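User: I have a structure open and would like to learn how to read its features. Could you walk me through it?

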Amino acid sequence: PNKVKKIADWAFRGCDNLKSITLPNGITSIGDGAFFECTKLTDINVPNSVTKIGRLAFYDCKSLADENGLVIAGNALFDCFAEAVSITIPDSVTSIRDWAFKDCSTLTNIIIPDSVTSIGDGAFFECTNLTYINISNSITNIDKHTFQYCSSLMNFIVPKNVTSIGDEAFEYCTNLMNIIIPSSVTSIGVGVFNGCENVIIHTNSGSFAEHYAQENDIPYVTI
């Protein structure tokens, strides 16, 4: 009915037989996990009235994946079922949601366009073969667990507008050798480089990252 303004958190979680749903105009938000694990859902419209889509709203909705294996709804990328080694995210995407590429073990490189302004928690968690990632300069935060266990990642450039790096963002990136952190970064979380035994931080003299490296006995080079 048109009086509905919100799809509640976890409303259709695990509805295995749900194949199609039409959301009425006027809905403004879709709650956390609203369609979580609706694995047979093949068709859903997200009206322009929707201004908020919650965490994990379309997680594991594998039948919604497009020809590239990506689950995209309301300009947000929620999940990936591709077995490709290389992915270019389309310009229509403005956000990559929590755990979107979790365990995408075949993925070796990914290009993220400037249209993307946010990347969620654990977005690339345990992408064990990821060696190259080109991140949008529109990103201002690297959230917690974003690249945790990306054990093939060797070099990383933090975008110039990023101000914070979340807890354990690069934890156990065991082959990470070099990371460039700009002076814009003023916050680095707990355990960000745990297990990164060979990492060298490249940063500006007097920057927060330089002080962080000194306090945590991480090798660094000023640039």
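**Reading the loops, salt bridges, pocket and surface**

Analyst: Happy to help! Let's start with one residue: Asp66 is found in the loop between E5 and E6. Keep in mind that this is a predicted model.

User: Is Asp66 buried, exposed or partly exposed?

Analyst: Asp66 counts as partly exposed, because its relative accessibility is 27% and that class lies between the 20% and 50% cut-offs. As for distance, the C-alpha atoms of Asp66 and Ala8 are separated by 25 Å, and these residues are 58 apart along the chain.

User: Thanks. How many salt bridges does the structure hold?

Analyst: The general idea comes first: side chains of opposite charge can pair when their charged atoms come close. In this model there are two salt bridges. One of them joins the side chains of Arg55 and Asp98, at 2.5 Å from N to O. Arg55 sits in the loop between strand E5 (52-53) and strand E6 (70-73), and Asp98 in the loop between strand E9 (95-96) and strand E10 (109-111), so the pair ties together parts that are 43 residues apart in sequence.

User: Which of these partners is buried and which is partly exposed?

Analyst: Asp98 is buried, with a relative accessible area of 10%, whereas Arg55 is partly exposed at 42%.

User: And what about the salt bridge of Lys102?

Analyst: The side chain of Lys102 meets that of Asp103, at 2.8 Å from N to O. Lys102 is partly exposed, with a relative accessible area of 31%, and Asp103 also counts as partly exposed, at 38%.

User: Now for pockets. What is the volume of the largest pocket, and which residues line it?

Analyst: Rolling a probe the size of a water molecule over the atoms shows where empty space is left. Here the largest pocket has a volume of about 210 Å³. Its lining includes Tyr132, Ile133, Asn134, Asn155, Phe156 and Ile157. Strand E12 (132-134) and strand E14 (155-157) are the elements that give two or more residues to this lining. By character, the lining residues divide into seven nonpolar, four polar and one charged.

User: Ile157 lines the pocket. Which residues join Ile157 in a nonpolar patch on the surface?

Analyst: The patch is formed by Ile157 with Ile180, Val221 and Ile223, and together they have about 360 Å² of accessible area. To place one member, look at strand E19 (residues 220-222), where Val221 is found. Val221 is partly exposed, with a relative accessible area of 37%, so Val221 clears the patch cut-off of over 30%.

Definitions and conventions
Residues numbered from 1 in each chain as written. Predicted model: local features only at pLDDT ≥ 70, side-chain atom pairs only at ≥ 80, totals over all residues. Heavy atoms only, no water. 1 Å grid on protein atoms, 1.4 Å probe; cavity = no way out; pocket = protein on both sides within 12 Å on 5 of 7 lines; lining within 4 Å. Points joined across faces, edges and corners; volume = space filled by probe spheres on them. Helix = DSSP H or I, 4+ residues; strand = E, 2+ residues; numbered from the N terminus. Nonpolar A, V, L, I, M, F, W, Y, C, P; charged D, E, K, R; others polar. Patch = residues over 30% accessible without salt bridge, like charges linked within 9 Å, V, L, I, M, F, W, Y side chains within 5 Å. Areas by Shrake-Rupley, 256 points an atom, 1.4 Å probe, with all protein chains shown as cover. Salt bridge = Lys/Arg side-chain N within 4 Å of Asp/Glu carboxyl O. Buried < 20%, exposed > 50% of the residue type's maximum accessible area, 1.4 Å probe, protein only.
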